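Colleague: I have not looked at this one before, so could you walk me through it slowly?

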Amino acid sequence: MSRQPNRIAPHATLGGGRIDRSRPLGFRFDGKSYTGYAGDTLASALLANDVHLVGRSFKYHRPRGILGLGAEEPNALIQLARGNRSEPNLRATQIELFDGLDASSQNRWPCLKYDVGAVNSTLHRLFPAGFYYKTFMWPASMWLTYEEVIRNAAGLGKAPEGPDPDRYEHMHTHPDVLIVGAGPAGLAAALAAGRTGARVVLADEQAEFGGSLLSEDDVFIDGKPGPDWVAEVVAELASMPEVTLLPRTCVHAYLDHNYLLAAERVTDHIGAVIPNTPRQRLWKIRAKQVVLAAGTLERPLVFRDNDRPGVMLSTAARGYAVRYGVTAGRKPLIVTGHDDGYRTALAYAARGAQVAAIVDLRPEPSGPLVDAAREKGIDILAGHSVAGAHGGHRVEGVDVAEMTTDGSGLAKVTRRIGCDLVAMCGGFNPTVHLFSQSRGKLRWDAELDAFVPATVHDPKHAPQASVGGCAGTMTIAQAVKDGIKAGLDAARATGSTARQPAAPKVDEPGMGEHRTVWVLPSDKPVGHKGKHFVDFQNDVTAADLNLAAREGYRSIEHVKRYTTTGMGTDQGKTSNVNALAIVAATLGTDIPAVGTTTFRPPYTPTTIGAYGGRNIGKLFDPVRTTAADPWHKAHGAKFEHVGQWMRPWYYPKAGETMRQAVDRECMAARNAVGILDASTLGKIDVRGKDSAEFLNRVYTNAWLKLGIGKCRYGLMLNDAGFVIDDGVTTRLADDRFHMTTTTGGAARVLSHLEEHLQTEWPDLEVYLTSVTEQWSVASICGAKCRELLAELCDDIDLSNDAFPFMAMKEGTVAGIPARVYRISFTGELSFEINVPRRYGMALWEALMAAGEKHGITPYGTEAMHVLRAERGFIIVGQETDGSVTPFDLAMDWIVSKTKTDFIGKRGLFRPDLMLPDRKQLVGLLTENPNEVLPEGAQIVEEVKPQPPMVMLGHVTSSYYSANCGRSIAMALVKGGHGRKGDTLSVPLAGKTIKVTVTDPVFFDLEGSRRDG
Amino acid sequence: MNASAGRQGTTTSGPTAKQRYSIFALAKNALSYHEGWQQAWRSPEPKKAYDVIIVGGGGHGLTTAYYLAKLHGVRNVAVLEKGWIGGGNTGRNTTIIRSGYLWDESIKLYDHALKLWEGMSQELNFNVMFSQRGVINLAHSEHEWREMRRRYEAIRLNGVDIELVLPDDIKKLVPIISIDPDIRYPVKGGILQQRGGTARHDAVAWGYARAADELGVDIIQNCEVTGFERAPEGQIIGVQTTRGFIAANKVGCVPAGHSGVLAEMAGFMLPIQARPLQALVSEPIKPVIDKVVMSNAVHMYISQSDKGELVLGAGTDAYNSYAQRGSPNHPEHLMAATVELYPITSRLRMLRQWGGIVDTCPDASPIISKTPVPGLYFNCGWGTGGFKATPGSGHVFADLIAHDRPNALAAPYSLDRFRTGYLVDEHGAAGVAH
Amino acid sequence: MQLIPCPWCGPRDDAEFHYGAEAHVVRPAVPADCSDAEWEAYLYLRRNTKGPFAERWMHTNGCRRWFNVIRDTYTHEIFASYKPGEPMPDIAQLTAKKDA
Amino acid sequence: MADTAPQAFSPLSGHIGPVGGPHHAGVVLREVAGLSLINLRGDAEKAFAGHVETVLGVALPTAPNTAACTEGLSLLWLGPDEWLAVSEDGDSPALCARLEEAMSRVHHAVVDLSDNYAVIELSGHAARWVLAKGWPQDLHPSAFKPGQCSQGLLGLAQIVLEQTAEDAYRLFVRPSFAAYLWDWLVDASADVGVRVAPPDAPT
């Protein structure tokens, strides 16, 4: 195993970092093997092995190194693993190292060191921001070719090759208090709330709680080092039954009314498959109160060529040393306008590094940290700027020079200082993403040079508080105090009571005034020499921002979209505020006037599979089946989707095509016995003294005088006059009816009826109850069906006189209590046998057994479609599409003339619904009787050699009818009722078919077969 | 800027001829550090009066102003935008362009737009990156496959390019799709419109703003209309704004989601509901999908941007909202459907999620119409079909405003169709009218 | 995910509900007497307010009852929910309380 | 004529896998068959309420989403004028007849829905953890206790949820969604272990 050159031995007093040196872990990066330790991230392990070059930037393919310590990392994007578990664009700073980890860099060809893409960097002058809007327009035909080149150059990592072997799940939780971020403020809030017994959820994206305390060695709480205090608090929290601790869980979305989403990485850090365990868990959190304690993100400084590998955020450089025991360089140079930068210099000096210099933007830096640095003999260059950095695949040095007092230019000539690490501190941005997602208003704090939370959006429904760094509180002492108060207030607001715990004593380095210089002055103007990077990942420079403003893209949203600053996978965590400041200066206005861009979820990119959760594959959507489904499957039925239902489509025998099977089923249904599983139809129990009046109002025909035990077909319209459903309703008693609806319309019709009952006609005494699945329905039809039923039912007189068409009798079939309806959708003699669902299978099997000698034949939805079309019966949803009226369907007979009102009546008599040339239902017969028109084919009067042509309408239903011995079709045609006997044309892609317009009834025109 | 000596874009009064954009212009300007580029549009102070005021600085508003100036010689025009141009639905859609609708009126209008898309970059001298990569609508059940055949025949016979494609063809065109017949909603087939595709939405707003500005149109941002002024006999005479009263003989409103708000200001009501429409993008990856693929049955559609982000969209949320955000159950279902149909997407990560305000009509078709107020015209109700219609919408609306009567393409979309019952119901045809 | 306060079941996720747009739109007593314009108004013309708005919701996955809510369609703040048949509260007074 | 009595099938018969599973399983699943489920509708403030109490022997629960329970019977509130009577007396037609007769003179509805629901019993120390994976409402004891019921979506299935004991629930779901719900529960219990109890044996 190779030695880790940058791993420092554990320090006598300062320790060796939070890694486990007894557990070495082997890993590979771009094919080379290295070792790190348990507790490392891939980034810290790479730095330990002195690997700085980790990626290539998106546009210029410039060599890039690690800039950050966590979620803010824009450069070190990694393709992890191979095959189906491969994952692109992961931040090395957030990948917990595990043994056998296999990582590779992205966006480079052939390799990281020698990337052809770097040609963009040499020709960078041709590629300012938005260059692609100004070119690639000539010749027009070449655009798709240019685009192909762009698309292949773009994109960072690669998608995995196959389906994801891992599973994901969701989890709902309803804490009294959700605390986001487990740094000092968050831990204090959790402790205060937890001690009241309130239900608390504490979530943090890191593997360990503690936040910034894990990366500092100069903070002591109650006399103990920060991490020890953290351990104590976490131990107490872990002992509280109503507190849920969620490490490795990033709260990434703050939605309406305190509904937040968080993604927990359950097994990613283990690097092995754990059976029966989801890879990630999406927490859906409805919190009564939220405490945001998300800390801060350090701002980079903008200076020439500030993107050399080895130029890093100061807190990151310090974090690698303190938390991971890795000095990212032996000769660090610190550039800062903030005392915090000195802590990095002191941390490195304490760990044997030779600090090249501290370049301080302030003319007269002072305070305990400055004194400590001087005591260490560190060279402090006050009032200086870094004019530019040097180096190829690693920073080698910087040019420094004294600035003019106002920081706008250089007072002296630059001089070069050698270094192998540049730790830059441009100040700190409170992490206000979640506050802003919750629609809170931000304000610019000129004191802090940062945006801080101002007003909570909806304190009544989404009570929340921001504490610590994310509220602009820059000392740990105050953060802990505010955390305790916020945690207690939140718990008390939800009814839990307790004393306020005492705030611990915090000993931390004092910080003085800071100075912010948005672009460090250089010897040449911005854009003239080198590149002043603002958005490292999307290669957006200060010059680009100036260009955008110059070209009139003045709104910050325009600047962002024109330059793509802040649109990378880091979502502008290190670039947004710097970009705002530079644009404000260019427009000669101040930052608050420029405003912020909208913070959109997620805070960090979130796995799509986690959102899909368990609702994929077999559980993507319920499959609804009937009681007799096992029989259908056992007898080779082919199925068809009907909404969520799976219904038998047809029952092919060995070797039969669909056409042959359907022909056989249709013939048997008329000449022998056909049997259909009709259980999926919607069924509604309508009860109450005003039931008949209610039916009168919702259907187009009359219902008051319907006899008991009698059935009637009803057409249902919406109030615009268009057909929305149909079905047969039977009167069970004076005040009781059994209504059926189409399969697809069941839920829709029930809610349509309930809406009118509850909001328009509350005075009507009517109750509706869905009984769709109480009853299984086997519908038998055909010449021999009465004979079959008689064998199984001896307590109903099945003769025509005793049991006429459209009537219902109760009795026993095959020993099962049943309601038998003489309803016919095929035009044949037909009995629809309804039994309680538990007997559905028994009824079906009894009918099949007894029916064998009668030639009983199960038929599916296809044959049912053909049989009803033979008789000219419509199917709502096939003959209608929401814009068809009863008159269009030639169903004037069902529209009551006498009723003063029913739903749809007024709508029907509007000008465009009364036009004679509306699309009307007709039959179509093809010249060649064996030609079957495709459903959806368009009908034309005057055929042109080439489209376009004027279309009169379309074929709604079309089949070969074995019973008619020819093809039949129904269609909606403009002015169809007046075109009977005409010849029209159906132009298809290959040929045109001639058709004759007829009445839409093709079989048993006098309806004689209905009574058998 | 303290260090840069770059020339600030000053606000010149009159329109100036624009520099031509080309690779040669880029090279020339590179020599002077790109400090020589002019403003794309002037953003002048509003004049006291104009012949025509367009309310709404999205794609539809800007194209209307452009065509008024270019085709109808009406150049004393102002576009008033309450925020920043292209900041509404123009900047929030999933950039899909196609004309494969069901009703003749829709096909004619959307294909009129598609023809205007085909020459747009060259006409505007601004690369809007219109890519005719092909749009596929999938059918996931027998019923949907039958329904799609009707749409295919109607499109074909309207003279618009369309092809029927079967699962094996679809797999070749979209390698990452699953055509497994046993998944819950298997791919039964689809229709492909090769002329359909995508474009860079922001560039459309900027390109038309620049071209309109060159013709003398004033583009005025941060100028919200707060009321309409009418002459005693009812004729519109101007608008009240957050930057004072501006007179005009004609006012064309193209406010998309805010149509209801403006109609109420003008004293009449619209059959429009403002609904959230959510979309999201994945992190950028190397190209995996070239086509745009739409699945109504599972309410999802997908394409990949030139930057490499997978762009995913779904149906609208079902409640009224102006918050430009929706409820998380829609994106959740969208991503479950995406994993179901495109299994390799499961481990990819969502980068950004947002919502627009979609003005939906009861028949999922737009309103391009005169209104009860003489001189006041409305163009809205585009629902989820706004972006693809942008140039066509502006073209016909300019014609309506210039001549005070709709041309043949716009006539079916008058406001009084809801009174007479003449609906162009694109709902019936598509679960989610896209 | 908004929390919609069902007058019976209490606050529930908005995914459990069906939306019914503007409240207090009454179906004309005698449709036959309505002009086409009046019928159009009943069928289609709905207020589309940006701000506090009286609207209808139905608790589809819960008690299946229709009820009304005063909700701000921009901020999503919810001011009141009340049963059908109850009068519409005074929105100005309701929302004013917010600033008091 | 059919000589033997017709065979009845419960909604999940044939779908439930083998009975059994780890003894320490966090969740036990069982289909409960043969219950009488009667949907009642009426005005709780009128005589209707009294009639229900006389027949069922328990007062009509009027507080939303609560259940009135007595030996072998639960009366679940489903809406301001809607209840579901769940009785272990399997003769639902007789129960309906008694109810119908008692309230014949008031506006009411008595509908036998014994076949319109499948009933699944979910119990065990991890029952709440598994339900919370797909049930958006709060199940913490401070919010949902035995004697309470609620309606909503579990995964993608619309159910009525009744808490019967500290770690035991009954789920009422339409038969055509029962297979989906059962598969969903088994899949969601993978991390805590699931045991399938035979249909009618006590757990």
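Modeller: We can go through a contact between two chains, then some salt bridges, and then a few strands. Please keep in mind that this is a predicted model.

Colleague: Let's start with the contact, then. How many residues do chain A and chain B each put into it?

Modeller: Chain A contributes 126 residues to the contact, and chain B contributes 109 residues. Together the two chains bury about 10,500 Å², and 57% of that area lies on carbon and sulfur atoms. On the side of chain A, the three residues R151(A), R550(A) and I608(A) supply 9% of the area that chain A buries against chain B, which is more than any other three residues do.

Colleague: And how many salt bridges cross between chain A and chain B?

Modeller: The rule finds 10 salt bridges across that interface, and the number of residue pairs in polar contact between chain A and chain B is 54. Helix α3 of chain A, residues 143-153, gives the largest share of the side of chain A that touches chain B, namely seven residues. As one example of a salt bridge, the side chains of R133(B) and E147(A) meet with N and O 2.7 Å apart.

Colleague: What about the whole model, how many salt bridges over all chains?

Modeller: The count comes to 116 over all chains. One of them joins R41(D) to E754(A), where the closest N and O atoms are 3.6 Å apart. This pair crosses between chains, since R41(D) sits in strand β2 of chain D, residues 36-42, while E754(A) sits in helix α19 of chain A, residues 746-760.

Colleague: Are R41(D) and E754(A) buried or exposed?

Modeller: Both R41(D) and E754(A) are buried.

Colleague: Which salt bridges could I look at inside chain B?

Modeller: You could look at R156(B) and E153(B), whose side chains meet in a salt bridge with N and O 2.6 Å apart. Those residues are three apart in helix α5 of chain B, residues 142-157, so about one helical turn separates them, and both R156(B) and E153(B) are buried. Another pair is R200(B) and D202(B), with the closest N and O atoms at 3.2 Å.

Colleague: Why do you call R200(B) partly exposed but D202(B) buried?

Modeller: The relative accessible area of R200(B) is 22%, so R200(B) counts as partly exposed, whereas D202(B) has a relative accessible area of 4% and therefore counts as buried. The cut-off for buried is under 20%.

Colleague: Which residues are linked in a network of salt bridges?

Modeller: The network links R167(A), E169(A), E264(A), R281(A) and R614(A) with K133(D), D187(D) and D191(D).

Colleague: Changing topic, why is strand β24 of chain A largely enclosed?

Modeller: Strand β24, residues 395-402 of chain A, is largely enclosed by the rest of the structure because six of its eight residues are buried. Strand β23 of chain A, residues 384-391, pairs with β24(A) in the antiparallel sense over seven bridges, and the two form a hairpin with three residues between them. Within that pairing, A389(A) stands opposite V398(A).

Colleague: Which strand does β24(A) join through four bridges?

Modeller: That is strand β25 of chain A, residues 415-418, which also runs antiparallel to β24(A), and there V400(A) stands opposite R415(A).

Colleague: Last thing, where does UniProt place the domain "SoxA A3"?

Modeller: The unreviewed UniProt entry places that domain at residues 529-611 of chain A. In this model, the end C-alpha atoms of the span lie 46 Å apart, and the span is 45% helix and 8% strand.

Note on methods. Residues are numbered from 1 along each chain as its sequence is written. Chains are lettered from A and ligands numbered from 1 in the order in which they are written. This is a predicted model: local features need pLDDT of at least 70, side-chain atom pairs count only at pLDDT 80 or more; totals for chains, interfaces and linings use all residues. Side-chain values use heavy atoms; hydrogens and water are left out. Buried means under 20% relative accessible area, exposed over 50%, partly exposed in between (1.4 Å probe, protein chains only). Two strands pair if DSSP finds at least two bridges between them. UniProt positions are given in the numbering used here, feature names are shortened, and annotations may be inferred rather than shown by experiment. Contact means heavy atoms within 4.5 Å. Buried area is the accessible area (1.4 Å probe) that two parts lose on being put together, summed over both. A salt bridge is a side-chain nitrogen of Lys or Arg within 4 Å of a carboxyl oxygen of Asp or Glu. A polar contact is a pair of N or O atoms within 3.5 Å; within protein, one must be able to donate a hydrogen and the other to accept it, and residues adjacent in sequence count only if both atoms are side-chain atoms.
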